[in-house]
Amino acid sequence: MLPRFAGPSPLVLMPLVLLLATGGCAGSAGNEQYEPPRRSLDTVSTDPAQARDILVVSDPLEGTNRRVYKFNAQLDQYVLVPVVDAYQFVVPSFLRRRVTSFFLNLAEISIFTNSVLQASPSKATPTLGRFMINSTFGLFGLFDVATELGVPRQIADFGQTLAVWGADTGPYLVLPALGPSNMRDAVGTAVDWATLSFAIPGSILDKTRYDYAPTGLQSADARYRVPFRYNSTGSPFEYELVRYAATIARKIEINSPSPPPE
């Protein structure tokens, strides 16, 4: 589950949605409020097959997705989580916060671009302000001064931009290393990466030392910020739970009028 520069991943919301899902709660799509259904305990089925049906999400590529999911679980267990554990052990919490702040400030470039593409000055204006404040007074983004001043971080990526202009989600996908997604967001992730690469001067991109930031430190930081761990739900239907949680979390992220808490 390598991260995106484009901002907070829906995986950040997944633990909350997983908690609701395992408690028998479901969300509604669109701009409606997500409320747990009011059901009597007498109406809750104990049949595992029916419990699994509650979590059904259209998944025409399920066979391939399950194989990629298994690969990601092993990658996470044997590579990413050990790297995160080492990162936490070696790097003090104060420095970890500075690393997180720096990369989230870089993400403002993509957020601003997509806010403009969404014709949303209510997002673009504070995002530009955040980037300017944190890049100067925040020492190149090492400190999140903008939040201290009451300028909230926005949510905008190219997958969301496509959604705003009416693009359908397409089939559910599990991307190698990146984790749960869909066809629309997979395209969005590629465009967001390209946007960031275009925005960074070529003189920096040509530096070998730059490669260590997005491929090493940023990956460790982003995985460190996502609390989800594979094989931690205790459910035989973890694939279905994650698929459901990622899908609902993304709907919340796209339709929420304000950013969810970090």
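**Figure 1. Close-up of Arg 250 and its acidic partners in the predicted model.** At 4% relative accessibility, Arg 250 falls in the buried class, and in this predicted model its side chain takes part in a salt bridge with that of Asp 157, at an N to O distance of 2.7 Å. Because Asp 157 belongs to the loop between helix H6 (145-148) and helix H7 (158-164) while Arg 250 belongs to helix H11, the pair ties together parts that are 93 residues apart in sequence. Asp 157 is itself buried, with a relative accessible area of 3%. Arg 250 also forms a salt bridge with Glu 253, for which the closest N and O atoms are 2.6 Å apart. In contrast to the link with Asp 157, this one stays within a helix, since Glu 253 and Arg 250 both lie in H11, three residues apart, or about one turn. An α-helix has 3.6 residues a turn, so residues three or four places apart point the same way. Glu 253 and Arg 250 are both buried.

**Figure 2. Close-up of the salt bridge between Arg 243 and Glu 62, with the network around it.** The side chains of Arg 243 and Glu 62 are joined by a salt bridge with an N to O distance of 3.8 Å, which falls inside the 4 Å cut-off applied to such pairs. Arg 243 is in helix H11 (residues 238-255) and Glu 62 is in helix H3 (residues 62-90), so this contact ties together parts that are 181 residues apart in sequence. Their surroundings can be compared through relative accessibility: Arg 243, at 5%, counts as buried, whereas Glu 62, at 24%, is partly exposed. Both residues belong to a network of salt bridges that also takes in Asp 59, Arg 66 and Glu 240. Side chains of opposite charge can pair when their charged atoms come close. Across the whole structure, the search finds 14 salt bridges.

**Figure 3. Close-up of the aromatic rings of Tyr 69 and Tyr 239.** The count of aromatic pairs comes to six. One of them is formed by Tyr 69 and Tyr 239, whose rings are 5.5 Å centre to centre with 85° between the planes, an arrangement classed as edge-to-face. This pair links distant parts of the chain, as Tyr 69 sits in helix H3 and Tyr 239 in helix H11, 170 residues apart. Both rings belong to buried residues, Tyr 69 having a relative accessibility of 10% and Tyr 239 one of 4%. Ring pairs extend the arrangement into a cluster that contains Phe 228 and Tyr 230 as well as Tyr 69 and Tyr 239.

**Figure 4. Close-up of Phe 94 with Phe 143 and Arg 98, followed by the end of helix H4.** The ring centres of Phe 94 and Phe 143 are 6.3 Å apart and their planes meet at 55°, so the pair is tilted. Phe 94 lies in helix H4 and Phe 143 in the loop between helix H5 (121-136) and H6, so the pair ties together parts that are 49 residues apart in sequence. Phe 94 is partly exposed, at 43% relative accessibility, and Phe 143 is partly exposed as well, at 31%. Phe 94 has a further partner in Arg 98, which lies over the face of the ring at 4.8 Å from the ring centre. Helix H4 comprises 25 residues (residues 93-117), and its end C-alpha atoms are 36 Å apart, in agreement with the 36 Å that it should span at 1.5 Å a residue. Just after H4, Ala 119 adopts a positive phi of about 55°.

**Figure 5. Close-up of Arg 223 and Val 83, set against the whole chain.** Arg 223 is a residue of helix H10 (residues 208-225) and, at 2% relative accessibility, counts as buried. Although Arg 223 and Val 83 are 140 residues apart in sequence, their C-alpha atoms are 9.2 Å apart in space. For the chain as a whole, 74% of the contacts with a separation of 6 or more involve residues 24 or more positions apart. The protein chain has 11 helices and two strands, and buried residues make up 43% of its 262 residues. The chain exposes about 14,100 Å², of which carbon and sulfur atoms supply 65%.

Notes. Residues numbered from 1 in each chain as written. Predicted model: local features only at pLDDT ≥ 70, side-chain atom pairs only at ≥ 80, totals over all residues. Heavy atoms only, no water. Helix = DSSP H or I, 4+ residues; strand = E, 2+ residues; numbered from the N terminus. Buried < 20%, exposed > 50% of the residue type's maximum accessible area, 1.4 Å probe, protein only. Expected span 1.5 Å × (residues − 1). Contact = heavy atoms within 4.5 Å. Areas by Shrake-Rupley, 256 points an atom, 1.4 Å probe, with all protein chains shown as cover. Phe/Tyr/Trp six-rings, centres within 6.5 Å; stacked < 30°, edge-to-face > 60°. Lys NZ or Arg CZ within 6 Å of the ring centre and 35° of its normal.
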